[in-house]
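Visitor: Please take me closely through a single part of this model, and set it in the context of the whole chain. Which elements give two or more residues to the lining of the largest pocket?

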Amino acid sequence: MKNLFSLMLLLGLLFSCDNGEKQPLANPTQIDKYFPLKDFVINQLDKLNNHQVQKVTVINGEEETTEVTLTKEQWRKELDAFIQADINKAANSTAYEEQKNGKEKVYRLKPEAKGNIKEIKVTYLSPDSNKVMEVTFVAKSENFFYESSTTGTLHFNESTGLISTYSVAGTQKVWFLSPNEIRVQGKVTE
């Protein structure tokens with residue numbers, strides 16, 4: 001009887017082992033409901049690698065103009081505000097309403113919902129096209145001690161589909177301190 005039990009246990013263990021292909025676990029915090037801004041920008045990074053940009057940076061009124069060639073990693077940092085503005089998170093599954101108006105799709109935070117990204121607007125070449133021409137976002141955050149607002153715009157070249165210009169503008173205000181205003185504008189030249 002003891003040998004029969006051992007044999008059954010051994011057979012059970014052998015047949016319970018699965019040599020099948022393992023699937024990676026899906027990211028439970030990501031959804032695919034709204035415009036995939038993060039993925040869209042990340043897909044541009046390889047194409048923008050080693051492209052030159054004319055960049056104007058204004059911090060509290062002081063302007064600096066530069067022309068630089070950016071690597072893929074530098075482009076990711078440069079466009080990080082757009083990556084962070086992605087709203088495809090499980091917590092946002094019912095937070096945004098989608099409005100279509102001709103060639104525009106607007107994802108707007110519902111009045112009762114909480115979130116820093118207030119709006120994302122995607123403009124397509126035409127109402128029945130999937131070719132993106134412009135993406136904008138508006139973000140706002142505030143509490144008793146701190147207030148922050150950011151807007152960002154990406155424009156795309158109609159023939160190549162690459163980012164042609166981008167801009168990010170932000171204001172940060174901490175209680176009892178003067179606001180910090182930052183604006184970055186870039187034009188991809190090569």
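Guide: Helices (H or I, at least four residues) and strands (E, at least two) are DSSP runs, numbered from the N terminus. On that basis the chain follows the pattern α-α-β-β-α-α-β-β-β-β-β-β-β along its sequence, with four helices and nine strands. This is a predicted model, in which local features need pLDDT of at least 70 and side-chain atom pairs count only at pLDDT 80 or more, whereas totals for chains, interfaces and linings use all residues. Residues are numbered from 1 along each chain as its sequence is written, and side-chain values use heavy atoms, with hydrogens and water left out.

The largest pocket (an open set of points on a 1 Å grid where a 1.4 Å probe fits, with protein on both sides within 12 Å along at least five of seven lines) has a volume of about 560 Å³. Its lining comprises 31 residues, of which Ala81, Phe137, Ala139, Ser148 and Thr150 are the closest to the centre. To answer your question, α3 (72-78), α4, β6, β7, β8 and β9 each give two or more residues to this lining, and β8 gives the most, with five. By class, the lining has 12 nonpolar, 12 polar and seven charged residues.

Helix α3 also holds Glu78, which is buried, with a relative accessible area of 18%, where buried means under 20%. The side chain of Glu78 is joined to that of Lys55 by a polar contact (N or O atoms within 3.5 Å) of 2.9 Å. Setting aside neighbours within four places in sequence, Glu78 is in contact (heavy atoms within 4.5 Å) with Leu70, Tyr166 and Val184 as well as Lys55.

Tyr166 is also among the residues touched by Leu79, which, not counting residues up to four places away in sequence, include Val41, Leu45, Leu48, Leu154 and Ile163. Leu79, together with Trp75 and Ile120, is among the residues with the most contacts inside the largest nonpolar core, a set of 34 residues joined through side-chain atoms within 4.5 Å. The elements that give two or more residues to this core are α2 (37-48), α4 (80-84), β4 (104-109), β5 (117-124), β6 (132-142), β7 (146-156), β8 (163-174) and β9 (180-188).

For the chain as a whole, 28% of the 190 residues count as buried, and of the contacts with a separation of 6 or more, 44% are accounted for by residues 24 or more positions apart.

Technical notes:
Buried < 20%, exposed > 50% of the residue type's maximum accessible area, 1.4 Å probe, protein only. 1 Å grid on protein atoms, 1.4 Å probe; cavity = no way out; pocket = protein on both sides within 12 Å on 5 of 7 lines; lining within 4 Å. Points joined across faces, edges and corners; volume = space filled by probe spheres on them. Nonpolar A, V, L, I, M, F, W, Y, C, P; charged D, E, K, R; others polar. Polar contact = N/O pair within 3.5 Å; in protein donor to acceptor, adjacent residues only side chain to side chain.
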